[in-house]
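Trainee: I'm new to this one. Please pick a single part, take me through it up close, and then show me what lies around it.

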Amino acid sequence: MQFIETRGNDGQRAAKVSFSEAILNPMASFGGLYVPEYLPDLGRAFLEDHLAADYKTLARDVLAAFELDIDPDVIDEALALYDGFDDPAHPVPVTRVGDDVWVSELYHGPTRAFKDMALQPFGVVLSDLAQKRSENYLILAATSGDTGPATLETFKNRANVKVACLYPDGGTSDVQRLQMVTEDAANLKVIGIHGDFDDAQAALKNLLNSASFRAELKKKNTLLSAANSVNFGRIIFQQIYHIHSYLALVRQGAIALGDKVYLDVPSGNFGNALGGYYAMKMGLPVEKILIASNRNNVLTDWIATGRYDLRERRVVGTTSPAMDILKSSNVERILFDLFGAARTRELMEQLDNERCYALEASELDALQAVFAADYCDDDEGKRYIRELFDRGYLMDPHTATCFKARATHADKPLQTIIYSTAEWTKFSPTIANALTGETGSRDIDALQSISAEAGLPIPARIQALFDLPIAQPAVIDKADIESAVLAFL
Ligand SMILES: *Cc1c(COP(=O)(O)O)cnc(C)c1O
């Protein structure tokens, strides 16, 4: 299968590229993104055939339908990383938490957030390609907390790839920061910056646009790639767990094969939701995809009105920081799939230039045929955490936002699959506050109170973070980032 561009082709580069090309060099013409030329039709027979399949078998067969230019042995090696999840036989448990409500837990990997679902295998695939081509890559990452640890973890000590990761000092949870600054490998550099996540992201953009930086990279024979969800190498792995979760409901007798379900996704950059959309287009029986947001509710307004409007908006800090995003990058892939390249380019250029676009009425109908959305503020989220805890289920603040979207939109008597994107250990002060009312706790204290309240041990891997030496102490000003990254290279 070949990959094409969401904003059309500029005549400067190939109009179609292989999967390898699309993931090594993910920026397409006119600032667009790569997408598959078509989506395979898996159909009902595929679902039937995989009712009893384990996660890796399902993954291998979904990937095979895309006919990627990746060696099957490499795919196997990549998927074998799911064996490092809590339960190798069930890397993604799907649990019933109420009448018609299920939670698909995507956080059982090494860094305890759903980023591992895609980044774990992606690291193997990218590093293998770099080695086979004898090329060296630098991955630059700016993180609000979960992408950073998962990117570092997957590329740690892998050949031909280096990672420089910027995080806002004071802008992540203690556990997230410790997951990064305790990473000790020669190919990893972690840099705290004075500022917030937007500053980190802006600093990264400056670096990518700096001529002197690019010239230095060239001298050092290093190419740039990206590990955020603009890279299709991540999206490809994010379709699988939607199909898996559906089949898990069939296996547990909650639905018959062919019954429709709601997929309910806590959304930021829309990678997770896009994976669900593609799964639906490939034949998964889905009634609607529910898009859950926090107070940064630009997606809620977009899906309700067709207007994507950034003009009056600033990012507000919430207790679900991985969703504190206004420019949601994978929305572009939805626009492309629904309206084609010319229209996508027009809309995205409007957004860049005027900070706003509005869909036509017929376009809005097409969007609303697939998606519905709502947002949940921090207090409502806390109430859902408390309510579910009282029913015996512990969840994180990102997952909690889904319960609001479900309450608003799941109006048919169908099952809902909520995606849980982080373990309770990553956002413990908010959860401790929801459970006990305590405020201002540091992570280490909040972990202890949740542990006592829920009768759960603090996982050893999380506890150990607090005693590991700090390998990456750097916290610097934005102005010094370029020299710090070059010194690392
Ligand atoms: C990244 C992340 C999200 C948002 O996922 P997208 O694919 O960017 O929409 C939600 N929750 C958590 C915990 C995350 O780390």
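Mentor: Let's start at Asn157, just after helix 6, where phi is positive at about 60°. Helices here are DSSP runs of H or I with at least four residues, strands are E runs of at least two, and both are numbered from the N terminus. A word on the basis: this is a predicted model, in which local features need pLDDT of at least 70 and side-chain atom pairs count only at pLDDT 80 or more, while totals for chains, interfaces and linings use all residues. Residues are numbered from 1 along each chain as its sequence is written, and side-chain values use heavy atoms, leaving out hydrogens and water.

Now step back into helix 6 itself. It spans residues 147-155, and eight of its nine residues are buried, meaning under 20% relative accessible area (over 50% is exposed, in between is partly exposed; 1.4 Å probe, protein chains only). Among the buried ones are Thr147, Pro149, Leu152 and Phe155. What do the buried residues of helix 6 pack against? The list is helix 5 (115-132), strand 5 (136-142), strand 6 (161-168), helix 7 (174-181), strand 7 (188-193) and helix 10 (232-235), with contact taken as heavy atoms within 4.5 Å.

Three of those names, strands 5, 6 and 7, take us to a sheet. It is an open one of five strands, in the order 8-5-6-7-15, with parallel pairing; strands count as paired if DSSP finds at least two bridges between them. Strand 8 (222-225) and strand 15 (475-476) are at the edges with a single partner strand each, so one side of each has no neighbour in the sheet. In the middle of our story, strand 5 and strand 6 pair in parallel over six bridges, and Ile139 sits opposite Val163 in strand 6. Helix 8 (residues 197-209) packs on this sheet, touching strands 5, 6, 7 and 8, and its direction makes about 150° with that of strand 5. Angles like this are between N-to-C directions, from 0 to 180 degrees, using lines fitted to C-alpha atoms (for helices, over the stretch in contact). Helix 7, another partner of helix 6, lies across strands 6 and 7 and runs at about 150° to strand 6.

Helix 10 was on the list too, and the loop between helix 10 and helix 11 (240-251) holds Gln239. Is Gln239 buried or exposed? It's buried, with a relative accessible area of 0%. Beyond its neighbours within four places in sequence, Gln239 is in contact with Leu39, Phe66, Gly275, Tyr278, Ala279 and Met282.

Last stop, the ligand. Of the 15 residues around it, Lys115, Asp146, Gly268, Asn269 and Thr421 come nearest, where being near takes a heavy atom within 4 Å. A ligand oxygen is 2.6 Å from an N or O atom in the Lys115 side chain, and a ligand oxygen is 2.7 Å from a polar backbone atom of Gly268. Thr421 has a polar side-chain atom 2.8 Å from a ligand nitrogen. Of the 380 Å² of accessible area that the ligand has on its own, the protein covers 96%, by the Shrake-Rupley method with a 1.4 Å probe.

Conventions:
Polar contact = N/O pair within 3.5 Å; in protein donor to acceptor, adjacent residues only side chain to side chain.
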